[in-house]
Each structure stands twice: as C-alpha cells, then as structure tokens.
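Me: I should like to learn how to read a metal site and a nonpolar core from coordinates. Please take me through both.

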Amino acid sequence: MNCIFCKIINKEIKSDIIYESEELICIRDINPQAPVHILIIPKKHIEKLYEIEDELLLGKMLKIACEIAKKEGIKETGFRIVINTNKNAGQSVEHVHFHLLGGRLMLWPPG
Ligand code: 5GP
Ligand code: ZN
C-alpha cells in the first residue's frame with residue numbers, strides 16, 4: 001500500500017518510535033511544530049477519524065497520548081491533541097493519526 005504511515009508501521013521507512021503495541025505506533029513527527037510533537041497512529045489503515053468504528057481503540061489512543069505527555073514532561077505544563085480531518089483542517093496523510101503537541105505556549109484559537 002502506498003501509504004507513508006503503513007510503511008513506517010511495516011518498518012519499510014525509519015522513524016523515531018517511542019511506543020508500540022499490537023494496535024498502535026507512536027512516533028516523533030519528522031517536522032515538529034512544538035518541542036514535543038508525537039503522532040499516535042493505529043496500525044490498521046483507516047483514513048479518517050470518522051471511519052474508526054472501534055471505540056475502544058479511540059480510547060486507547062487518547063490514553064496513550066496522556067501517558068506519553070507524562071513521560072515527555074508536558075503533562076503539567078500543558079499539551080494539545082489535534083486530529084486534522086480532510087482538506088480544511090489540513091490533513092496531509094490519509095491514515096488517521098492524533099498529534100500530541102507540547103513544550104511551548106500555544107495560541108487559541110488555532111490558526
Ligand atoms: P496531518 O497534516 O495529516 O495532520 O499530519 C501529518 C504529519 O505527518 C505531519 O505533521 C508530518 O510532518 C508528518 N509526517 C509526514 N511524513 C512523515 C514521515 O515520514 N515520518 C514522520 N515521522 N512524520 C511524517
Ligand atoms: Zn496507511
């Protein structure tokens with residue numbers, strides 16, 4: 001499959017993996033937008049957030065994001081979880097993923 005995240009999951013492309021389970025892989029973003037910028041990616045190729053039917057999987061993704069926030073030292077200072085979906089939100093990789101961002105002050109509303 002011609003999907004960059006599937007290639008990362010299959011280890012055809014190298015990445016900085018910080019957590020891996022049967023269902024999930026978490027990697028550092030190649031183009032970080034904050035001192036901590038980690039992608040939480042389900043291993044199953046699902047393109048869009050609204051196509052995920054497995055509610056438990058969604059919960060696990062949020063849970064691991066919080067655990068990583070703690071490990072990366074941004075739990076107390078603050079962090080943001082972003083899920084870009086489709087064109088207006090700027091989704092550029094068609095394999096669903098959560099962004100975990102932190103380590104700097106973030107603006108609201110987001111751009
Ligand atoms: P999106 O724009 O779809 O919300 O997020 C895609 C993210 O994937 C971007 O932040 C981009 O920097 C990241 N990304 C794209 N290709 C690669 C890659 O090969 N390795 C890693 N680690 N991140 C990538
Ligand atoms: Zn994929």
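**Zinc site and cores**

Reply: Cys3 and His95 are both buried, where buried means under 20% relative accessible area with a 1.4 Å probe and protein chains only. This is a predicted model, in which local features need pLDDT of at least 70, side-chain atom pairs count only at pLDDT 80 or more, and totals for chains, interfaces and linings use all residues. Residues are numbered from 1 along each chain as written, chains are lettered from A and ligands numbered from 1 in written order, and side-chain values use heavy atoms without hydrogens or water.

Me: Which protein donors does the zinc ion (ligand 2) have?

Reply: Donors are N, O and S atoms within 2.8 Å of the metal (3.2 Å for Na, K and Ca); water is not among the atoms, so sites may look incomplete. Here they are Cys3 (SG), Cys6 (SG), His45 (ND1) and His95 (ND1), at 2.0 to 2.3 Å from the ion. Their spacing in sequence is C-x2-C-x38-H-x49-H.

Me: Why is the arrangement of the four donor atoms around the zinc ion (ligand 2) called tetrahedral?

Reply: Four donors count as tetrahedral if all angles lie between 85 and 135 degrees. The four donor atoms here subtend angles of 103 to 117°, so the arrangement is tetrahedral.

Me: How many residues has the largest nonpolar core?

Reply: In soluble globular proteins, nonpolar side chains tend to be buried together. A nonpolar core is a set of buried Ala, Val, Leu, Ile, Met, Phe, Trp, Tyr and Cys residues joined through side-chain atoms within 4.5 Å. The largest has 17 residues, with Cys26, Ile64 and Leu100 among those having the most contacts inside it.

Note on methods:
Tetrahedral: all angles 85-135°; square planar, octahedral: opposite > 155°, others 65-115°. Buried < 20%, exposed > 50% of the residue type's maximum accessible area, 1.4 Å probe, protein only.
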